[in-house]
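Student: Could we go through this one together? I'd like to start with how the helices pack and then move on to other things.
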Amino acid sequence: MLLPLRRRLQKHVAAWPWRRVGVLAGVSFVLALTLVGYLFGTGDHFFSRLFFAFLVFVWLLAVTFLAVVPFVTWATGHWFGRGWAEVSTPAPRPRRTSAGSAAARSHSSPAPSRRPETR
């Protein structure tokens, strides 16, 4: 019997080595902070400015994906109608060529060459 997607995902995530993931994330974070501290120094409240800039960045992402994208989706469905949001333009059909005329046609450009003669 096939399990629902949520149950399969829970079983898959439970099998991850969480202790190893945590150690790797912690070491990476400490190395990144050490590198930033070495490159930019600790004076002039650099880390506090970096922290608040990161919070603003995360806040902007959250607002974008939790408010703006759902609003635009709702607006296209309610203001312009569901047909406008879902209908796509049909793909153009390829031209049909006859077998005899395709072989007689040249694939070079019909316009004369614009390069000057160098001979």
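Tutor: Bearing in mind that this is a predicted model, helix 2, residues 18–40, and helix 3, residues 46–78, pack at an angle of about 125°, with their axes 11 Å apart.

Student: So what do we call the orientation of helix 2 and helix 3 to each other?
Tutor: Angles over 145 degrees count as roughly antiparallel and 65 to 115 as roughly perpendicular, with the rest outside the roughly parallel range taken as oblique, and helix 2 and helix 3 are therefore oblique to each other.

Student: And is the crossing left-handed or right-handed?
Tutor: Helix 2 passes helix 3 in a right-handed crossing.

Student: Which residues meet there?
Tutor: From helix 2 there are L33, V36, G37 and F40, and these meet F46, F47 and L50 of helix 3. By residue class, the contact of helix 2 with helix 3 comprises six nonpolar residues and one polar residue, with no charged ones.

Student: Switching topic, what about T76, buried or exposed?
Tutor: T76, which is found in helix 3, has a relative accessibility of 18%, and because buried means under 20%, T76 counts as buried.

Student: What lies 2.9 Å from a polar atom of its side chain?
Tutor: That is the backbone oxygen of T73, which lies 2.9 Å from a polar side-chain atom of T76.

Student: Zooming out, how many helices and strands does the chain have?
Tutor: The protein chain has five helices and zero strands, and reading along the sequence gives the pattern α-α-α-α-α.

Student: And how much of the chain counts as buried?
Tutor: Of its 119 residues, 4% count as buried.

Notes: Residues numbered from 1 in each chain as written. Predicted model: local features only at pLDDT ≥ 70, side-chain atom pairs only at ≥ 80, totals over all residues. Heavy atoms only, no water. Axes fitted to C-alpha atoms, helices over the stretch in contact; angles between N-to-C directions. Helix = DSSP H or I, 4+ residues; strand = E, 2+ residues; numbered from the N terminus. Parallel < 35°, antiparallel > 145°, perpendicular 65-115°, else oblique. Left-handed = near helix turned anticlockwise from the far one by under 90°. Contact = heavy atoms within 4.5 Å. Nonpolar A, V, L, I, M, F, W, Y, C, P; charged D, E, K, R; others polar. Buried < 20%, exposed > 50% of the residue type's maximum accessible area, 1.4 Å probe, protein only. Polar contact = N/O pair within 3.5 Å; in protein donor to acceptor, adjacent residues only side chain to side chain.
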